[in-house]
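These are my notebook entries from a session spent looking things up in one structure. I wrote each entry after checking a single point, and I kept the entries in the order in which I worked.

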Amino acid sequence: MGRMDGIRNIVILTGAGISAESGLRTFRAEDGLWEDHRVEDVATPQAFRRDPELVQRFYDLRRENVLAALPNPAHDALARLDREWRGDLLIVTQNIDDLHERAGASRVLHMHGEALSAWCTACDARHRWTGTLLDRPPCPACGAAQLRPDIVWFGEMPYQMDRIFAALARADLFVSIGTSGAVYPAAGFVQQAASHGARTLELNLERSLGSSAFDETRLGPASELVPQWVDEVLG
Ligand SMILES: [Zn+2]
């Protein structure tokens, strides 16, 4: 009897820890800083209204960093799981980079938006975007110069929560990888999955605020723990 007996539907939550090993720094809850900026200055709707140029410049740099980064063995392992797992699988990521996709995963949901996407606040269209927004380029759909980063800022509603909660309700296994357990609603996913009977596993560099909520916690770098776990799952 293997530990995967009875497991068919898997939901995986990934956070900053998995992208950190690709050199991408993200918001740190401990000190409230992101690349030396206070979150209130660059990652809220109020900040964008107050100083759009600062915010656009900040995300133009994040976009550049994302394009220069490469997937690491943790992304590669999850892409392999996505290819080979025959049951349901959903990778919910808090990260705004596209490293899961570039590693080859397709069942990915970006709950906090995407660095390589621009959102037109005039016509509501979204466009894949690899250039800058600071120079106020026109929307390819409507021509208005009203593109903003397609990022869920603090105080805004994360994307596709209905789909995430539906997946959690059907999950047999919930796995949290490289996330601090500090930012809601993602911090509550483990309780949500467990309340519907899922087994829960945490893979993290260090114990998180939410560690006690998991059936099992394994500590170490994602680039080591995730490939090991995927090998176990795929047997
Ligand atoms: Zn538009």
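Entry 1, a serine in a loop. Where is the place of Ser 211? I kept in mind throughout that I was looking at a predicted model, and I found Ser 211 in the loop that runs between β10, residues 199-204, and β11, residues 216-219. I then asked myself whether Ser 211 is buried or exposed. Its relative accessibility is 5%, and because buried means under 20% relative accessible area, I noted Ser 211 as buried. Leaving aside residues up to four places away in sequence, I listed Glu 202 and Thr 217 as the residues that Ser 211 touches. I also looked at the side chain of Ser 211, where a polar atom lies 2.7 Å from the backbone nitrogen of Ser 208.

Entry 2, the sheet of six strands. In which order do the strands of this open sheet follow one another? I wrote down β5-β4-β1-β9-β10-β11, and I noted that the pairing is parallel. The edges are held by β5, residues 108-110, and by β11; each has a single partner strand, so one side of each is left without a neighbour in the sheet. Direction ignored, neighbouring strands of this sheet are turned by 15° against each other on average. I followed one pair in detail and saw that β4, residues 89-93, pairs with β5 in the parallel sense over three bridges. Within β5, Val 108 is the bridge partner of Ile 91.

Entry 3, a helix across strands. Which strands does helix α7 lie across? I found that α7, residues 161-170, lies across β1 (10-14), β4, β5 and β9 (173-177), and that it runs at about 135° to β4.

Entry 4, the sheet of three strands. I turned next to another open sheet, where three strands stand in the order β7-β6-β8 with antiparallel pairing. Here β7, residues 126-128, and β8, residues 147-151, are at the edges with a single partner strand each, so one side of each has no neighbour in the sheet. From one strand to the next, the twist averages 40°. Strand β6, residues 113-120, pairs with β7 over three bridges in the antiparallel sense, and I marked Ala 118 as standing opposite His 127 in β7.

Entry 5, backbone angles. I reminded myself that most residues other than glycine have a negative phi. With that in mind I stopped at Arg 136, a residue other than glycine whose phi is positive, near 50°. Arg 136 lies in the loop between β7 and β8, and it is exposed, with a relative accessible area of 57%. I stopped again at Gln 160, which is not a glycine either and has a positive phi of about 55°. Gln 160 is found in the loop between β8 and α7, and at a relative accessible area of 42% I entered it as partly exposed.

Entry 6, cysteines. How many disulfides does the count come to? Taking a disulfide as a pair of cysteine sulfur atoms within 2.5 Å, I recorded a count of zero. I looked up Cys 120, which is buried with a relative accessible area of 0%, and then Cys 142, which is partly exposed at 40%.

Key:
Residues numbered from 1 in each chain as written. Predicted model: local features only at pLDDT ≥ 70, side-chain atom pairs only at ≥ 80, totals over all residues. Heavy atoms only, no water. Buried < 20%, exposed > 50% of the residue type's maximum accessible area, 1.4 Å probe, protein only. Polar contact = N/O pair within 3.5 Å; in protein donor to acceptor, adjacent residues only side chain to side chain. Contact = heavy atoms within 4.5 Å. Pairing = 2+ DSSP bridges. Axes fitted to C-alpha atoms, helices over the stretch in contact; angles between N-to-C directions.
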